[in-house]
Amino acid sequence: MPHAFDLTLYLVTDPRQVAARGLAATVEAAVAGGATLVQLRDPDAHGRDLVAQARALRALLAPRGIALIVNDRVDVAHAAGADGVHLGQDDLSPQAARAILGPDAIVGLSVGTPAEFASSDLSGVDYLGVGPVRATGTKADAGAAIGPEGVAAVRRLTALPIVGIGGIDAAIAGAVIGAGADGVAVVSAVCAAADPKAAAEALRAAISAARAGG
Ligand code: TZP
Ligand code: MG
């Protein structure tokens, strides 16, 4: 059984967007505002820097009962004692990641379209990141936007937990939940916000309203 995780408001970090405030301070504010899960994402960082960052975030998050996921890097997740890893289609397979990290690890997989879902080996996968929902400036190779309709299409194909990602802010979060997502993942809506705590609170309010209405 993987560690407990809550996809409701999934904060994904970006090194440039947190640079002014700092990684830990941004994550701390997001968590204070209601972020329920955190992914350390820094595609260009060196392994040993990432391990140090992951350890620092783990020390901050573990006492609060919030799981830490590392993007792409199974080795870094293992070295830092993170709760899991988030894999793209070209990373290690979910099964290979689980073989390294063990049965307790949380393993997430990115899926860009229903067709990509259909061609993915889902054994060992605990949740899916589906998107980009809308165009995003945060990830250059994110692919074409699929809208909340694309999330709904994947929802119809699987019982796995799903989190929508890409271009999500408080204005569209409710539609993503309405499409059947278990939560929303955001980078810029929180990391680039003037007030990350308030931004997270606004997202949580939109998610709660959509859940109550749906
Ligand atoms: N994967 C798909 S879109 C994306 C990632 C990491 C970036 C999402 O960033 P933002 O700022 O929330 O659009
Ligand atoms: Mg990746």
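**Entry 1: two helices crossing**

I began with H7 and H9, whose crossing is right-handed (clockwise turn of the near helix from the far one by less than a right angle; anticlockwise would be left-handed). The angle between them is about 35°, and their axes lie 8 Å apart. Axes here are lines fitted to C-alpha atoms, for helices over the stretch in contact, with angles from 0 to 180 degrees between N-to-C directions. Helices are DSSP runs (H or I, at least four residues), strands are E runs of at least two, and both are numbered from the N terminus.

I looked up who touches whom: H7 brings Ala170, Ala173, Gly174, Ile177 and Gly178, and H9 brings Ala202, Leu203, Ala206, Ile207, Ala209, Ala210 and Arg211. Contact means C-beta atoms, placed from the backbone, within 7 Å. By class I noted nine nonpolar, two polar and one charged. Nonpolar covers Ala, Val, Leu, Ile, Met, Phe, Trp, Tyr, Cys and Pro; charged covers Asp, Glu, Lys and Arg; the others, Gly among them, are polar.

**Note to self on the model**

This is a predicted model, where local features need pLDDT of at least 70, side-chain atom pairs count only at pLDDT 80 or more, and totals for chains, interfaces and linings use all residues. Residues are numbered from 1 along each chain as its sequence is written, while chains are lettered from A and ligands numbered from 1 in the order in which they are written.

**Entry 2: H1 against H9**

H1 also packs on H9, at an angle of about 35° with axes 7 Å apart. That crossing is right-handed too. On the H1 side I found Thr26, Ala29, Ala30 and Ala32, meeting Pro196, Lys197 and Ala200 of H9.

**Entry 3: Val31**

Val31 sits in helix H1 (residues 23–32). Why does Val31 count as buried? Because it has 21 C-beta neighbours inside 10 Å, and the cut-off is 20 or more (12 or fewer is exposed, in between is partly exposed; C-beta atoms are placed from the backbone). Beyond its neighbours within four places in sequence, Val31 contacts Arg64 and Ile66.

**Entry 4: the core**

I checked the largest nonpolar core: 72 residues, with Val184 and Leu203 having the most contacts inside it. Such a core joins buried Ala, Val, Leu, Ile, Met, Phe, Trp, Tyr and Cys residues through C-beta atoms within 7 Å. Helix H9 (residues 196–213) gives the most, six residues. Leaving aside neighbours within four places, Val184 touches several residues, including Leu9, Tyr10, Leu203 and Ile207.

Definitions and conventions. Contact = placed C-beta atoms within 7 Å.
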